[in-house]
Amino acid sequence: ALALHPKLVVCDEPVSALDVSVQAQALNLLQELQEELGLTYLFVAHDLSVVRHISDRVAVMYVGKIVELSPGDALYEKPMHPSTEALLSAVPVPDPKRKKKRLLLSGEVADPSNAPSGWGFHPRCAYAQERCKQEVPELREIEPGHFSRCHFTETLQLEGKADL
């Protein structure tokens, strides 16, 4: 992939099937190559701890739509979308003595070809209200550089995970 000297490399789940120690080696190599060759990565992954290690800016998606877009650290310290909060709660804690609260989304992932009325995330969202069943929220800038697609972002008290 690097033979043609690209400026952008798309990495689609590049470390998902790897052992944690091998993941770290691969991520370190990606970072070294990025610095040496001036690369930009579009890094696709489900593991937000891996994403944090490699990304300066993070977009969280739900059924093909960006639900949160943020500078890297801000997403982990202060998530603004319920989907992000649930994803962060799924990241394993390396200390077995430390209890963690896991947020499980109810229901099934929306089918884009047969989406529910309004905002497709509402059947899975613990914070959904009637407005969500009728209206798709816009992706709005809530803080400088930090965007959320939720009608109620400003009133939610979501839990982050700054210690990843």
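Two strands are taken to pair if DSSP finds at least two bridges between them, and in this predicted model strand S3 (residues 57–62) and strand S4 (residues 65–71) meet that condition in the antiparallel sense, with six bridges. Within this pairing alanine 59 stands opposite leucine 69 of S4, while the hairpin that the two strands form has two residues between them and includes valine 63, which takes a positive phi near 45°. Strand S4 is also joined to strand S6 (residues 146–148), again running antiparallel, by two bridges, and here leucine 69 has phenylalanine 147 as its bridge partner in S6.

Elsewhere on the surface, Leu8, Val10, Leu42 and Val44 make a nonpolar patch of about 350 Å², to which strand S1 (8–12) and strand S2 (40–44) each give two or more residues. Leucine 42, found in strand S2, is partly exposed because its relative accessible area is 47%, a value between the 20% and 50% limits of that class.

The structure also holds five salt bridges. One of them joins lysine 78 to glutamate 143, with the closest N and O atoms 2.6 Å apart, and it links distant parts of the chain, since lysine 78 lies in the loop between helix H3 (72–77) and helix H4 (82–89) whereas glutamate 143 lies in strand S5 (residues 140–143), 65 residues apart. Another salt bridge, between lysine 133 and glutamate 130, has its closest N and O atoms 4.0 Å apart, and both residues lie in helix H5 (residues 130–134), three residues apart, or about one turn of the helix. Arginine 131 forms a salt bridge with glutamate 135, at 3.3 Å between the closest N and O atoms.

Note on methods. Residues numbered from 1 in each chain as written. Predicted model: local features only at pLDDT ≥ 70, side-chain atom pairs only at ≥ 80, totals over all residues. Heavy atoms only, no water. Helix = DSSP H or I, 4+ residues; strand = E, 2+ residues; numbered from the N terminus. Patch = residues over 30% accessible without salt bridge, like charges linked within 9 Å, V, L, I, M, F, W, Y side chains within 5 Å. Areas by Shrake-Rupley, 256 points an atom, 1.4 Å probe, with all protein chains shown as cover. Salt bridge = Lys/Arg side-chain N within 4 Å of Asp/Glu carboxyl O. Buried < 20%, exposed > 50% of the residue type's maximum accessible area, 1.4 Å probe, protein only.
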